[in-house]
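Let's take a walk through a protein structure together. Keep the picture in view as you read, and look for each part as it comes up.

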Number of protein chains: 2
Amino acid sequence: MLYTKPLARLIEELEKLPGIGPKSSQRLAFHLIKLPAQAVQNLAKAMVDAKEQIKFCSVCSNLSADDPCDICKSPARDRHTICVVAEPRDLVALERTREFKGTYHVLGGMISPLDGVGPEQLKIKELLVRLQGSEVNEVILAINPSVEGEATSLYLSRLIKPAGVKVTRIAFGLPIGGDLEYADELTLVKALEGRREV
Amino acid sequence: MLYTKPLARLIEELEKLPGIGPKSSQRLAFHLIKLPAQAVQNLAKAMVDAKEQIKFCSVCSNLSADDPCDICKSPARDRHTICVVAEPRDLVALERTREFKGTYHVLGGMISPLDGVGPEQLKIKELLVRLQGSEVNEVILAINPSVEGEATSLYLSRLIKPAGVKVTRIAFGLPIGGDLEYADELTLVKALEGRREV
């Protein structure tokens, strides 16, 4: 009986969220109770609405309220290039640069046998279908340089190259503003490997 | 058009919460969308229910779905002692110790002229009413050792003592498991001041 029942229930629900431990959960709950009722209803509604309205784009598998999504629908995007990412948040990171004008394909994860994620759990079949008889001439793999990312990139390039489509991978190396002295060895190895003539 | 509309809306609402920045807000939103619809509804409902159902106990001003609250109602609590705390979370921290068997009084904050909080914004009048002609013989001030906490404690002790009620304050000093070498100076000053004969 530390907390009155509706408060205990709220703290318990908040604790299920990622990165929210018992302390944050308690703090958030006390904060929510202090808010105007309207503000709490807005947050609750935004959550339920997002869950109800957001589906996957049937073309690129990105999260979207519309199908196809805004990017796949847009006449301004270059349909010759598909940038393959693991998660919707990676797509968002790339869109923020405002540099890439092509379209995307969201895999929904990376190949990871330890986590029971094989190629069939990812939207790879859908990517191959998109490539068939299409105008795409380059697939850019924008996948993290982790073990799973390497495996996924290798798998995809082996699958796509025979179809005569160019497969590239984003560059890995020293981040801008980074310092050689403080960079980890793997990053330096990648930076050396990826060196270019100037 | 980085995010589809319901997602942008959810991220915006989550960002209003304390300690949730743009990154966490995005991460939470993506997490919520991946959850089963039922789980999202449970969380949304817990928030709205908590806000709707939780009121203040008319005796001690603690948050409670019932009035009076479970502690004020309980025949097992000692009505001769009132422990005064600033916030409901302080009450919870004390209840966790399972040591205190008296009742509580929640002020709803501390005196802080800089934030525009004077004694009249706190539940001090309610505390005095409780003390009038009651069986209470000790008021324990369990208020943080901050500038605001000191001011509030001093104010309360001056107000309550003339009524013939004993006023005590919890001890401040080196925390258990703490190390003299690493303790801050103010804590050490308090620890010295509060020394007791052994």
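The paragraphs below go from the arrangement of the chains to the core and then to some aromatic rings.

Keep in mind from the start that this is a predicted model. A good place to begin is with the way chains A and B are arranged. Chain A can be superposed on chain B by a rotation of 180° with 0.1 Å of shift along the axis, and the RMSD is then 0.2 Å. The two copies are thus related as by a two-fold rotation axis. To find that axis in chain A, look for A44(A): its C-alpha is the nearest to the axis, at 2.2 Å. What about the surface through which the copies meet? Of the interface residues of chain A, 100% are also interface residues in chain B, so the copies meet through the same surface.

Now look along a single chain. The domain assignment splits chain A into domain 1, covering 5–53, and domain 2, covering 63–197. Taken over C-alpha atoms, the centres of these two domains of chain A are 35 Å apart.

Next comes the core. In soluble globular proteins, nonpolar side chains tend to be buried together. Here, the largest nonpolar core has 44 residues, and the members that touch the most others are L7(A), M47(A), L7(B) and M47(B). Which helices supply at least two residues each to this core? They are helix 1 (5–15), helix 2 (22–34) and helix 3 (37–53) of chain A, together with helix 1 (5–15), helix 2 (22–34) and helix 3 (37–53) of chain B. You can zoom in on L7(A) to see its surroundings. Leaving out residues up to four places away in sequence, L7(A) touches A29(A), F30(A) and I33(A), and also I54(B) and L63(B) from chain B.

Finally, let's turn to the aromatic rings. Over all chains, there are four aromatic pairs. One of them joins F100(A) and Y104(A): the ring centres are 5.2 Å apart and the planes lie at 65°, which is over the 60 degrees needed, so the pair is edge-to-face. Are these residues buried or exposed? F100(A) has a relative accessible area of 16% and Y104(A) has 1%; buried means under 20%, so both are buried. In chain B, the rings of F100(B) and Y104(B) also have centres 5.2 Å apart and planes at 65°, so this pair is edge-to-face. F100(B) counts as buried at 17% relative accessibility, and Y104(B) is buried at 1%.

One more ring is worth finding in each chain. K123(A) lies over the face of F56(A), 5.5 Å from the ring centre. In chain B, K123(B) lies over the face of F56(B), at 5.5 Å from the ring centre.

Note on methods: Residues numbered from 1 in each chain as written. Chains lettered and ligands numbered in written order. Predicted model: local features only at pLDDT ≥ 70, side-chain atom pairs only at ≥ 80, totals over all residues. Heavy atoms only, no water. Core = buried A, V, L, I, M, F, W, Y, C linked by side-chain atoms within 4.5 Å. Buried < 20%, exposed > 50% of the residue type's maximum accessible area, 1.4 Å probe, protein only. Helix = DSSP H or I, 4+ residues; strand = E, 2+ residues; numbered from the N terminus. Contact = heavy atoms within 4.5 Å. Least-squares fit on C-alpha atoms with pLDDT ≥ 70 in both. Domains from an automatic or database assignment. Phe/Tyr/Trp six-rings, centres within 6.5 Å; stacked < 30°, edge-to-face > 60°. Lys NZ or Arg CZ within 6 Å of the ring centre and 35° of its normal.
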